[in-house]
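Let's take a walk through this structure together. Have the sequence and the 3D view open as you read.

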Amino acid sequence: FVCVVGLPNAGKSTLINRILDSKLLAVSEKPQTTRNNILGIFTSKDSQVIFIDTPGYHNMEKAINKFYVKEAVNASKKADIVVYLFDVKESLTKKLAFNDEFMNEILKSKPKGSIIPVLSKADTAKQADILKAEKVLSERYGYKTSEIVKISSTLSLGIAQLMQLVSKKLPEGPLYYPEDELTDRDLRFLCAELIREKIFVLTKEEIPYSTAVQITKYEEKPNIHRIYADIYVEKDSQKGIIVGEGAKMIKNIGIEARKDIEKLTGTKVYLELFVKVKKDWTKDELFLKELGYK
């Protein structure tokens, strides 16, 4: 079990999607896209690596933010190996205190040798910035520069090196999942995540963070899957933005989500979305549990 951790928007979900060669996890340029711990299962001839995607470590205020951080910390404690992603450009220059705090939490239950430091988005940085980032990691956490893996999930750079290191460090164990299985989550969950991703990508400002998606009905027919989903927001004004003028926004969200869901399921999909207002749902612990944020 390999837990992939880091601050928001460090590239955790993108990395796992690239390793699995599948659009399994929700990804956007906005931080905190991932809310739950999700397993991504990579199986080769001689190994099975179970990656745990986690929410980014960040400041906790609302009940849902506390859930995010708890998910990430607990997952890192249970895993055999922790892959810690550091964004070359941002995480090292602006948010060192958060990285220190999270690293110290992990080190409470993990030896340093089980944590692999990874500089992500290396293709977006100059060589001088990469060398500077390596120096910061080395001085701050005691890693040799040769122990720091540099990757670009977009270009697949450094992925093979990372996988070799992961396989080398993992203990022997049984085959936990069938060879053709990619995740422990069901289609309902994955479809809700893909719909939520499109909201992140297509809307602006605070809207995505005030949004939750719940699949209310999923019908599997021989030639088509019929999916009905509720999109929850906290305010009437947010509902207006999600729906959009002439229902244009909700239509675009549905079109883009349906494309990815059809790739995921391998069949035609009918998708119907409903937008509902649930005031301050991000602070409502009972409703958060109903949505699966326990």
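What follows goes from the whole chain to its sheet, and then to a few of its helices.

Keep in mind that you're looking at a predicted model. The chain has 294 residues, and 50% of them are buried. Its secondary structure comes to 10 helices and nine strands. How do the contacts spread along the sequence? Take those between residues at least 6 apart: 69% of them join residues at least 24 apart.

Now for the sheet. Six strands make an open sheet, and going across you meet them in the order β2-β3-β1-β4-β5-β6, with mixed pairing. At the edges sit β2 (38-43) and β6 (149-150), each of which pairs on one side only. In general, strands of a sheet pair through backbone hydrogen bonds, in either a parallel or an antiparallel way. For one pair to look at, try β1 (residues 2-6) and β3 (residues 48-53), which run in the parallel sense and share three bridges. You can find Val4 standing opposite Asp53 of β3.

Next, look at the helices that lie on these strands. Helix α1 lies across β1, β2, β3 and β4 (81-87), and its direction makes an angle of about 155° with β3. Helix α4 (residues 96-107) lies across β1, β4 and β5 (115-120), running at about 175° to β4.

Helix α1 also meets another helix. The axes of α1 (residues 12-20) and α6 (residues 159-169) come within 11 Å and cross at roughly 85°. Angles of 65 to 115 degrees count as roughly perpendicular, so that's how α1 and α6 are set relative to each other. Which residues make the contact? From α1 come Leu15, Arg18 and Ile19, and from α6 come Ile159, Leu162 and Met163. Sorted by class, that contact has five nonpolar residues, one charged residue and no polar ones.

Stay with α6 for a moment. Its buried residues are Ile159, Leu162, Met163 and Val166. Looking down the axis of α6, you'd see these buried residues fall within an arc of 95°, so they line one face of the helix. The spacing helps here: an α-helix has 3.6 residues a turn, so residues three or four places apart point the same way. And what does the face of α6 turned away from the buried side carry? There you'll find the exposed residues Ala160, Gln164 and Lys168.

How values were computed
Residues are numbered from 1 along each chain as its sequence is written. This is a predicted model: local features need pLDDT of at least 70, side-chain atom pairs count only at pLDDT 80 or more; totals for chains, interfaces and linings use all residues. Side-chain values use heavy atoms; hydrogens and water are left out. Axes are lines fitted to C-alpha atoms, for helices over the stretch in contact, and angles run from 0 to 180 degrees between N-to-C directions. Helices (H or I, at least four residues) and strands (E, at least two) are DSSP runs, numbered from the N terminus. Angles under 35 degrees count as roughly parallel, over 145 as roughly antiparallel, 65 to 115 as roughly perpendicular and the rest as oblique. Contact means heavy atoms within 4.5 Å. Ala, Val, Leu, Ile, Met, Phe, Trp, Tyr, Cys and Pro count as nonpolar, Asp, Glu, Lys and Arg as charged, and the others, Gly among them, as polar. Two strands pair if DSSP finds at least two bridges between them. Buried means under 20% relative accessible area, exposed over 50%, partly exposed in between (1.4 Å probe, protein chains only). The arc is that of the directions from the helix axis to the C-beta atoms.
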